[in-house]
Structures are given as structure tokens and as C-alpha cells.
Amino acid sequence: MRTKANEKTIFNSKVKAKRKSVKIKICCEICGWDGHGNQNLVIVHHVVPTAVGGKNEESNIILLCPNHHAIAHMIFHRKNGEYNGPQTPKLLKEKLTKYENDWQETDLKIKIETIALLDKIRKKKAN
Ligand SMILES: [Zn+2]
Ligand SMILES: [Zn+2]
């Protein structure tokens, strides 16, 4: 059963596994977010899901903020119980960073349009 206390133990054991070989700060390994000092908000993510044989070891663990965790699951979700995403934290880091850069470029136009639209709405409300 996953109780609060249980989850904390699971979290601590995973962080310990992550820390084993490298002394690391508890923060997102992509953007550095540290949960505003609350390390329980930083998510321990298994690069290869444990359900498909990924190990609870440093070599398979990456620390992520909720945003990067959501993105990691969004792009590398399992299909029919199979996992075809990156196999190491280093590769996942590279893929996530590349995804963000590509996304920023292709999405910039939409963002600008959205901001302009919001601006219009706000101005309308203000009147
Ligand atoms: Zn992050
Ligand atoms: Zn995860």
C-alpha cells in the first residue's frame, strides 16, 4: 500500500540510489528547479520504467521537476507495454533538451499570437 510515509521511504531510497555514485543536489537535472527548497516536490523518474525491467539504480534514475517529468512521460510513454525511449539518464537529458529547443522554435509563432490575443482580451476587460 502506498501511504504517505511509504512514499517518503520509496523516495528516499531512490534518491539514495541516485546519490550513490555522484554527490548531487536534489533538483531537476534539466532546469535545476529544486521545489523551492522542498526536495519532496522533485520527482525521481526511472528512465526505463520498472514495469518493463528498468532498475531502481542510479544508472536508471533521473531527478525531474513536475514539468519535465510530464514531458518525459508525454514523449516517451509506453505503447502496449513496450518502452522505446532513451535507455540512460544522459540520453533522456539530451532528448528532453532537444525537444524543448525544437518546440520553442516551432511554437514561437503560436505563442506570439496567443499573447496578442490575451492582450486584446485583457484590454477589453479593462474598458
Ligand atoms: Zn525541470
Ligand atoms: Zn516518471
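1. Does H36 count as buried or exposed, and why? With 6 C-beta neighbours inside 10 Å, H36 counts as exposed, where a residue is called buried if 20 or more other C-beta atoms lie within 10 Å of its own, exposed if 12 or fewer, and partly exposed in between, the C-beta atoms being placed from the backbone. H36 is found in the loop between helix 1 and strand 1 (43–46), and has a positive phi of about 50° although it is not a glycine. Most residues other than glycine have a negative phi.

2. On the basis of the model: it is predicted, so that local features need pLDDT of at least 70 and side-chain atom pairs count only at pLDDT 80 or more, while totals for chains, interfaces and linings use all residues. Residues are numbered from 1 along each chain as its sequence is written, and chains are lettered from A and ligands numbered from 1 in the order in which they are written.

3. On confidence, the protein averages a pLDDT (the predictor's confidence in each residue, from 0 to 100) of 82, and 80% of the residues score at least 70. Among the elements, strand 2 has the highest mean pLDDT, 94, and helix 1 (residues 4–19) the lowest, 64.

4. The protein has three helices and two strands, which run α-β-β-α-α from the N terminus on; helices (H or I, at least four residues) and strands (E, at least two) are DSSP runs, numbered from the N terminus. Strand 1 and strand 2 pair in the antiparallel sense over four bridges, pairing being assigned if DSSP finds at least two bridges between two strands. The bridge partner of I43 in strand 2 is L64.

5. Both faces of strand 2 are covered, with I61 and L63 buried on one side and I62 and L64 buried on the other. The largest nonpolar core (a set of buried Ala, Val, Leu, Ile, Met, Phe, Trp, Tyr and Cys residues joined through C-beta atoms within 7 Å) has twelve residues, including C28, V42, A72 and L96. Strand 2 (61–64) and helix 3 (89–126) are the elements that give two or more residues to this core, and the largest share, four residues, comes from strand 2. Of the 127 residues of the protein, 13% count as buried.

6. A second exposed loop residue is E82, with 7 C-beta neighbours inside 10 Å, found between helix 2 (66–75) and helix 3. The C-alpha atoms of E82 and A51 are separated by 9.5 Å, although these residues are 31 apart along the chain.
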